[in-house]
Structure formats: C-alpha cells, structure tokens
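Student: I would like a close look at a single part of this chain, namely one helix pair and whatever surrounds it. Please take the geometry and the contacts together and then place them in the rest of the fold.

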Amino acid sequence: MNAIAQPSRSLPLFDKYGGIRILRHVIMDFYDRVLDSDVIGHFFEDTNMAKLIDHQTKFFTMMLGGPAHFPDERLAAAHKHMRLSHAEFDEAVTLLTETLSDAKFEPDDQNTVIAAIEARRRILVA
C-alpha cells in the first residue's frame, strides 16, 4: 500500500513554542527586563503587573497566530497616555529580542515577531 505524502502545514508560532503556558513565562521574563530598564521601567511603576502580563499574553497569543484577537485601536488607546518616543520603543524591541532569543525562538521566528511589533510602531509612538 502506497501512502500519499501530505504536505506538512507549519504550526503557528503560538503552538510551536508551547502555547499559553510557555508564552506567559516569556512575557513575564520580558517584563522583568522592562522593569529593570532605566529607559522604560518608569512607565510601569504604578502598574498592576499581573493584569498587564495577562493582557500582553493575550496580545502575543494573537501575534503568534494563536486564538486571540487584539485590535490595533485597543492597543493605541492603552498606550496613548505613555507618549512613547522612538528611543523608548527601540528599547522595548531590544528587550523583546533578547527575551525571545533566551526563550530559544529561532532567528526567523524572532524576526517575524519583531516585524509584527514594528508594524505597530506608528500607533504606539507619539
């Protein structure tokens, strides 16, 4: 009996990297770095970090092709009061890149995530 080879579908990054449980740990690591940052840590001094990590986990679930939807309008509204500069945004991107690398995301997958974040720069930077 001959088996017909089925084309393999690549998993969404969300599934490839372990789903919500692993992603939550990645986001927690990211925010540990953010809080330690002299450039952007001050933005989160009076923030409920548990709530923020929950929201960011949902956002990154969407970014990685998982089962969540997070409209850009909501993202813009959540960041409007921060009035982020390009330098502050760049710091967050650097910290995220380091976090993804330490979490063993493959370089192409890191680039995919960072490109999705960069695509939203215009709605996050004042």
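Tutor: What follows takes the pairing of helix 5 with helix 6 as its centre and then moves outward to the core, a second helix pair and the loops.

The model is predicted. As a frame, the secondary structure of the chain amounts to 7 helices and 0 strands, and read along the sequence the pattern is α-α-α-α-α-α-α. The C-alpha trace extends over about 65 × 30 × 25 Å along its principal axes. The chain has 126 residues, of which 40% count as buried. Among contacts with a sequence separation of 6 or more, 74% join residues 24 or more positions apart.

Now the pair itself. Two packed helices are described by the angle between their axes and by the distance between those axes. Helix 5 covers residues 86-102 and helix 6 covers residues 107-118; they pack at an angle of about 160°, and their axes are 10 Å apart. Angles over 145 degrees count as roughly antiparallel, so helix 5 and helix 6 are roughly antiparallel to each other. Their crossing is right-handed. On the helix 5 side, the contact is made by Phe89, Val93, Leu96, Thr97, Leu100 and Ser101. On the helix 6 side, Gln110, Val113, Ile114, Ile117 and Glu118 make it. By class, the residues of this contact divide into 7 nonpolar, 3 polar and 1 charged.

Leu96 is a useful residue to follow out of this contact. Setting aside neighbours within four places in sequence, Leu96 is in contact with Val113, Ile114 and Ile117, and also with Phe30 and Phe60. Val113, Ile114 and Ile117 belong to the helix 6 side of the contact already described. Phe60 is one of the helix 3 residues that meet helix 6.

Leu96 and Ile117 also stand out in the core. The largest nonpolar core has 35 residues, and those touching the most other members are Tyr31, Phe59, Phe60, Leu96 and Ile117. Two or more residues of this core come from each of helix 1 (13-16), helix 2 (19-36), helix 3 (49-63), helix 5 and helix 6. Helix 3 gives the largest share, 7 residues.

That brings in the second pair. Helix 3 and helix 6 pack at an angle of about 110°, with 10 Å between their axes. An angle from 65 to 115 degrees counts as roughly perpendicular, and helix 3 and helix 6 are therefore roughly perpendicular to each other. This crossing, too, is right-handed. Here Phe59, Phe60 and Met63 of helix 3 meet Val113, Ala116 and Ile117 of helix 6. The classes in the contact of helix 3 with helix 6 are 6 nonpolar, no polar and no charged residues. Val113 and Ile117 are thus listed among the residues meeting helix 3 and among those meeting helix 5.

A polar residue of helix 3 can be followed in another direction. Thr57 lies in helix 3. Its relative accessibility is 3%, and since under 20% is the cut-off for burial, Thr57 counts as buried. Not counting residues up to four places away in sequence, Thr57 touches Ile20, Leu23, Arg24 and Ile27.

The loop between helix 5 and helix 6 contains Lys104 and Glu106. Phi of Lys104 is near 70°, a positive value in a residue other than glycine. Lys104 counts as exposed, at 65% relative accessibility. Glu106, at 42%, counts as partly exposed. Leaving out residues up to four places away in sequence, Glu106 touches Lys16 and Tyr17. Glu106 and Tyr17 are 89 residues apart along the chain, with their C-alpha atoms separated by 9.9 Å.

At the other end of helix 5, Arg83 sits in the loop between helix 4 (72-79) and helix 5. Arg83 also has a positive phi in a residue other than glycine, near 50°. With a relative accessible area of 62%, Arg83 is exposed.

To sum up, helix 6 packs roughly antiparallel to helix 5 and roughly perpendicular to helix 3. Leu96 and Ile117 are among the core residues that touch the most other members, and they are in contact with each other.

Methods. Residues numbered from 1 in each chain as written. Predicted model: local features only at pLDDT ≥ 70, side-chain atom pairs only at ≥ 80, totals over all residues. Heavy atoms only, no water. Axes fitted to C-alpha atoms, helices over the stretch in contact; angles between N-to-C directions. Helix = DSSP H or I, 4+ residues; strand = E, 2+ residues; numbered from the N terminus. Parallel < 35°, antiparallel > 145°, perpendicular 65-115°, else oblique. Left-handed = near helix turned anticlockwise from the far one by under 90°. Contact = heavy atoms within 4.5 Å. Nonpolar A, V, L, I, M, F, W, Y, C, P; charged D, E, K, R; others polar. Core = buried A, V, L, I, M, F, W, Y, C linked by side-chain atoms within 4.5 Å. Buried < 20%, exposed > 50% of the residue type's maximum accessible area, 1.4 Å probe, protein only.
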